[in-house]
Amino acid sequence: MATGGIARLVCGRWSKWIVLGLWVVVLAIAGPLAGKLSGVEKNDNSAWLPGGAESTAVMDLQKQFQPDDIVPAIIVYERASGITEADQAKAAADAKAFAGVQGVVGQIQGPVPSQDKQALSTLVNVKVDEDGWDKIVDVVDDIKAISGTGENGLAIYLTGPAGNAADSAGAFEGIDGTLLYTTLIVVAVILLITYRSPILWLFPIISAGVALTTAQAVIYLLAEHAGLVVNAQSAGILTVLVFGAGTDYALLLVARYREELRKHEDRHEAMAMALHRAGPAIIASAATVAIGMSILTLAELNSTSGLGPVAALGIVVGLLAMITLLPAMLVICGRWLFWPARPKFGTAEPTATGFYARLGAGIGRRPRAVWIGTSLALGVMALGLLQLNANGLSTADSFTTKQPSVTGEEALGRHFPAGGGQPVTVIANAARADQVRQALAGVAGISSVADPVVKNGLVQLDGTLTDAPDSTAAQDTVVRVRDAVHAVPGANAQVGGATAMVVDINDANRHDNQLIIPLVLLVVLVILGLLLRAIVAPVILILTVVLSFAAALGVSALVFRHVFGWSGEDTSFPLFVFVFLVALGIDYNIFLMTRVREEARAHGTRRGAVIGLAATGGVITSAGIVLAGTFAALGSLPLVAFAEIGFAVAFGVLLDTLIVRSVLVTALNLDVGRWMWWPSKLTQVRDKPAEVDGPAEPLSASEPELTH
């Protein structure tokens with residue numbers, strides 16, 4: 001049989017050394033390349049914006065008016081008792097000094113006094129070079145070094161797009177290292193507890209580390225030579241995915257290997273059988289995740305579509321490492337890795353009488369009451385969706401701690417029009433400049449319009465918002481501006497700017513939610529149908545997945561609002577949580593149901609459900625805890641969007657493994673019985689109810705052996 005041949009190739013007496021040697025060569029080549037990945041990350045606006053959005057088009061057209069990518073920094077000088085002459089002199093001297101900062105371009109505007117005479121503002125244009133937003137931190141730091149933070153009653157702040165970008169860059173700084181080390185610690189601790197071995201836990205981590213390095217190298221080459229877009233978000237999630245999913249695959253394989261070591265004296269034979277039995281489930285799980293992630297490439301939002309191939313590549317490389325490198329290392333080292341609980345040949349399988357065997361027998365007494373009660377409980381959790389507010393996060397709400405630019409934005413809003421420094425930008429045909437300007441000035445929410453700038457037959461008009469640029473009111477103003485200027489005949493007017501970008505990103509996220517979520521569900525349904533060779537079981541499993549997702553989202557929304565005090569969620573939140581929970585959570589369905597199907601061939605579905613739960617319940621729980629721990633590591637970043645995704649996925653995975661897979665799906669298997677496999681021939685294998693409460697002994701003699 002084909003899978004048997006592949007299994008023997010990976011862990012043969014001589015071929016295991018070849019496999020190990022090949023991975024050593026791969027690691028030697030990939031190591032230096034992986035270190036270059038951060039150098040090809042693109043974290044500027046174009047890497048996040050929807051490719052066909054109006055604000056993206058305006059950003060491209062603006063290059064005709066200012067060749068460089070320019071973002072303004074606003075320095076605010078505030079004195080509650082009123083600005084003094086000394087304050088004005090300092091602000092003027094600072095303005096002259098700002099002009100000498102490397103990276104500052106154009107004319108310094110200001111200092112401009114506020115109408116209440118309590119503040120001054122200076123606008124400094126900062127060039128974003130080809131190194132992107134990472135370098136903007138240095139420019140902002142140089143400006144702050146000149147202005148200081150104020151003294152003797154004068155407070156000085158730096159805000160505006162440059163200040164926001166510097167804070168965001170600071171939050172993302174070290175994201176790879178922070179996530180990697182946090183994830184390593186979490187996985188190591190959980191594996192130590194799971195295996196209770198001082199050595200075995202190292203091997204899944206080593207395999208995951210090799211997989212991550214290899215994946216980063218491949219992604220670097222594609223980004224450098226094939227135009228793949230990678231940003232800090234996708235690079236960070238790659239680390240979590242490879243370690244989380246890869247360790248899941250390792251746990252399943254090691255659990256089956258340990259089971260087979262009790263049946264086979266030869267460890268090579270034991271690993272070959274483990275790969276033969278567990279391999280299809282692991283491969284199917286990885287394929288489901290990779291295909292689910294690949295669907296993200298259909299997203300309108302560049303940051304989301306770029307994540308698709310990055311995540312899919314990470315999963316594929318992680319799979320290859322876990323079914324080749326890990327088995328080879330385990331077989332080379334032998335049984336002593338499991339010390340002090342070495343699985344000896346001929347000993348009884350402990351899962352047959354363990355916790356999950358007893359749980360399955362207990363569920364078997366009243367399965368219908370169990371699945372109805374569990375479903376109702378999950379439905380109650382899902383009511384928290386009424387608290388979900390996935391309409392985007394303002395700048396102030398985007399960080400878990402208050403950032404300097406947010407404090408400065410508040411100071412600016414106390415004394416100047418809230419939209420100062422981040423205007424609504426309209427670019428239109430120059431021949432219609434007067435009509436477009438009149439239309440722009442007449443929109444409610446626009447306080448003033450700057451003088452037009454004409455170049456190459458186009459006109460640029462900047463309108464100042466009366467509301468904070470990242471507020472809902474400002475976004476509504478942008479929508480009204482677009483309606484007004486689009487109506488000017490022959491103007492071909494397009495509206496951009498920071499607020500317009502937010503509007504377009506939110507619109508793209510809503511579109512992506514409506515497109516990708518149904519597609520992922522369809523793909524998962526098809527894969528489950530092909531794997532289980534049935535219709536009823538995949539449909540039931542998909543319904544449990546949707547219910548689990550709704551419950552996780554509902555509880556998360558309540559926790560965000562009433563525990564953490566966060567005001568809302570990013571518009572991409574439902575999509576990311578869904579893709580991660582469904583694509584990764586389906587692993588546990590596959591792990592459980594492939595084993596149930598395997599046992600059902602000899603014992604019937606009800607008996608098979610109890611044996612399947614007993615055999616896989618422990619490893620699924622361990623895998624879920626590992627995956628939850630890796631996603632919880634996202635909470636180590638000071639970004640609300642990442643923390644929310646991390647919490648929701650971690651909670652959802654735990655809910656999935658501890659309740660949905662172990663209790664709900666098992667109860668449904670026991671209640672529906674052999675009809676779970678309709679229309680396959682397994683419906684003809686009748687259940688033996690009297691055996692459900694007995695010891696959960698797995699297949700042994702009935703399993704075909706692999707021969708050398």
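The following exercises, each with a worked solution, concern a predicted model of a protein chain.

**Exercise 1. Confidence**

Determine where in the protein chain the confidence is lowest and where it is highest.

Solution. Begin with the chain as a whole, for which the average pLDDT is 84, with 91% of the residues scoring at least 70. Then turn to the individual elements: the lowest confidence belongs to helix 1 (residues 2-11), with a mean of 63, and the highest to helix 13 (residues 367-382), at 95. Finally, consider residues 698-708, where the pLDDT is below 50, although this stretch has 32 contacts in the model beyond near neighbours in sequence.

**Exercise 2. The surroundings of strand 3**

Establish which strands pair with strand 3, in what sense, and over how many bridges.

Solution. Take strand 1 (residues 69-78) as the starting point: it pairs with strand 3 in the antiparallel sense over 10 bridges, and within this pairing proline 72 has asparagine 125 of strand 3 as its bridge partner. Next, strand 2 (residues 104-113) also runs antiparallel to strand 3, the two being joined by 5 bridges, and here proline 113 stands opposite leucine 120. The hairpin of strand 2 and strand 3 has 5 residues between the strands, and lysine 117 takes a positive phi near 65 degrees in this hairpin. As a last step, look at the cover of strand 3 (residues 119-128), of whose 10 residues 9 are buried.

**Exercise 3. Histidine 415**

Decide whether histidine 415 is buried or exposed, and identify what it touches.

Solution. First locate the residue, which lies in helix 14 (residues 404-415). Its relative accessible area is 12%; because buried means under 20%, histidine 415 counts as buried. Leaving aside residues up to four places away in sequence, histidine 415 touches Glu78, Ser114, Gln115, Asp116, Gln118 and Ala119. Of these, Ala119 falls within strand 3, residues 119-128, and Glu78 within strand 1, residues 69-78. By way of contrast, histidine 415 and tryptophan 23 are 392 residues apart in sequence and 62 Å apart in space, C-alpha to C-alpha.

**Exercise 4. A nonpolar surface patch**

Explain why isoleucine 535 is classed as partly exposed, and name the patch to which it belongs.

Solution. Place the residue first: isoleucine 535 is found in the loop between helix 17 (498-532) and helix 18 (536-564). Its relative accessible area is 46%, and since the partly exposed class lies between 20% and 50%, isoleucine 535 is partly exposed. Together with Val539, Leu543, Trp675 and Trp678, Ile535 forms a nonpolar patch on the surface, with a combined accessible area of about 520 Å².

Methods: Residues numbered from 1 in each chain as written. Predicted model: local features only at pLDDT ≥ 70, side-chain atom pairs only at ≥ 80, totals over all residues. Heavy atoms only, no water. Buried < 20%, exposed > 50% of the residue type's maximum accessible area, 1.4 Å probe, protein only. Helix = DSSP H or I, 4+ residues; strand = E, 2+ residues; numbered from the N terminus. Pairing = 2+ DSSP bridges. Patch = residues over 30% accessible without salt bridge, like charges linked within 9 Å, V, L, I, M, F, W, Y side chains within 5 Å. Areas by Shrake-Rupley, 256 points an atom, 1.4 Å probe, with all protein chains shown as cover. Salt bridge = Lys/Arg side-chain N within 4 Å of Asp/Glu carboxyl O. pLDDT = per-residue confidence, 0-100. Contact = heavy atoms within 4.5 Å.
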